[in-house]
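Visitor: Could you walk me through this one? I'd like to ask things as they come to me.

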Amino acid sequence: PKLAATTEKATALTRKGFSPSQRVRIVSASMAAHMDDNQAKDFIRSTVNGKDEQATAIALSRKAPVETDTDLRRLSRSLGEKKASLAEYAVVRQSHGEDTSDWMSRARRLRITAEPRPALVMGRDILEVSDRKPGPWVGILTRDALDAQDKGVFSSKKEAIKWMRKELSVRN
């Protein structure tokens, strides 16, 4: 019965358009999601090939908050850094009987199911509007801008530049 259920799930993942490597990491992450961290890592390392794919499966196996849009944006960005998506994460959570319909609906509205929204403020943008020399402050402001974007403070390049100019005037 377990083999039949696993085969059925793999077939369903194929129908949803997941690649073979995505299917392996989703199934491994689903199985590891109920384990403690060390067991999950050991299991994933024994079932998934390649360090990058293993890191992705480990990220997918960990439960994360999805209560707010900010949570979803941050999770999408975190998963994106591991080359995973909220769509994959949803399959893992569904395999544990969780209802993902609410937060996936919000993720679709935010357009972040497949990948996070790109950063609207880059270091070069900051340097273009500042008379200061490059330095660690640029990285700090870039990270703060990404955090503000994920919190929904701005959602367009124009709004981001306005936010950045205000931040620069306050921080100088």
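Visitor: Is Glu98 buried, exposed or something in between, and what relative accessibility does Glu98 have?
Guide: Keeping in mind that this is a predicted model, Glu98 has a relative accessibility of 25% and counts as partly exposed, because buried means under 20% and exposed means over 50%.

Visitor: Which residue forms a salt bridge with Glu98?
Guide: The partner is Lys63, and the closest N and O atoms of the two are 3.2 Å apart. Glu98 sits in the loop between α6 (86–94) and α7, while Lys63 sits in the loop between α4 and α5, so this pair ties together parts that are 35 residues apart in sequence.

Visitor: And Lys63, buried or exposed?
Guide: Lys63 is exposed, with a relative accessible area of 57%.

Visitor: How many salt bridges are there in the whole structure?
Guide: A search of the whole structure finds 14 salt bridges. One of them joins Asp37 to Arg62, with the closest N and O atoms 3.6 Å apart. Asp37 belongs to helix α3 (residues 37–47) and Arg62 to the loop between α4 (51–61) and α5, so the pair ties together parts that are 25 residues apart in sequence. Asp37 is partly exposed at 45% relative accessibility, and Arg62 is partly exposed at 35%.

Visitor: What about Asp147, which residue does that one form a salt bridge with?
Guide: Asp147 forms a salt bridge with Arg74, and here the closest N and O atoms are 2.6 Å apart. Because Asp147 lies in helix α9 and Arg74 in helix α5, the pair ties together parts that are 73 residues apart in sequence. Asp147 counts as partly exposed at 28% relative accessibility, and Arg74 counts as partly exposed at 36%.

Visitor: Which residues are linked in a network of salt bridges?
Guide: Asp69, Asp102, Arg106 and Arg109 are linked in such a network.

Visitor: Changing topic, how many residues are in the largest nonpolar core, and which have the most contacts inside it?
Guide: The largest nonpolar core has 20 residues, and Leu60, Leu72, Leu79, Leu86, Tyr89 and Trp103 have the most contacts inside it. At least two residues of this core come from each of α2 (20–32), α4, α5, α6 and α7, and α6 gives the most, with five residues. As background, nonpolar side chains in soluble globular proteins tend to be buried together.

Visitor: Which residues does Leu79 touch, then?
Guide: Not counting residues up to four places away in sequence, Leu79 touches Ala59, Leu60, Ala84, Ser85, Leu86 and Tyr89. Apart from the largest core lies another core, of 13 residues, among them Leu120, Ile126, Val138 and Ala160.

Visitor: Back to α6 for a second, how many of its residues are buried?
Guide: Seven of the nine residues of α6 are buried, so that by the under 20% cut-off this helix is mostly covered. The buried ones are Leu86, Glu88, Tyr89, Ala90, Val91, Val92 and Arg93.

Visitor: You brought up Leu120, so where is Leu120 found, and is it buried or exposed?
Guide: Leu120 is found in the loop between α7 (101–110) and α8 (123–129), and Leu120 is buried, with a relative accessible area of 17%. Leaving aside neighbours within four places in sequence, Leu120 is in contact with Asp125, Gln149, Phe154, Ser155, Ser156, Lys157 and Ala160.

Visitor: What about Arg77, buried or exposed?
Guide: Arg77, in helix α5, is buried, with a relative accessible area of 12%. Beyond its neighbours within four places in sequence, Arg77 is in contact with Pro116, Arg117, Ala119, Leu146, Gln149 and Asp150.

Visitor: Last thing, how much space lies in the second largest pocket, and which residues lie nearest its centre?
Guide: About 230 Å³ of space lies in the second largest pocket. This pocket is lined by 15 residues, of which Arg73, Leu110, Arg117, Gln149 and Ser155 lie nearest its centre.

Visitor: Which helices supply that lining, and how do its residues divide?
Guide: At least two residues of the lining of the second largest pocket come from each of α5 (69–81), α7 and α9 (136–150), and the lining residues divide into six nonpolar, three polar and six charged.

Definitions and conventions. Residues numbered from 1 in each chain as written. Predicted model: local features only at pLDDT ≥ 70, side-chain atom pairs only at ≥ 80, totals over all residues. Heavy atoms only, no water. Helix = DSSP H or I, 4+ residues; strand = E, 2+ residues; numbered from the N terminus. Buried < 20%, exposed > 50% of the residue type's maximum accessible area, 1.4 Å probe, protein only. Contact = heavy atoms within 4.5 Å. 1 Å grid on protein atoms, 1.4 Å probe; cavity = no way out; pocket = protein on both sides within 12 Å on 5 of 7 lines; lining within 4 Å. Points joined across faces, edges and corners; volume = space filled by probe spheres on them. Nonpolar A, V, L, I, M, F, W, Y, C, P; charged D, E, K, R; others polar. Salt bridge = Lys/Arg side-chain N within 4 Å of Asp/Glu carboxyl O. Core = buried A, V, L, I, M, F, W, Y, C linked by side-chain atoms within 4.5 Å.
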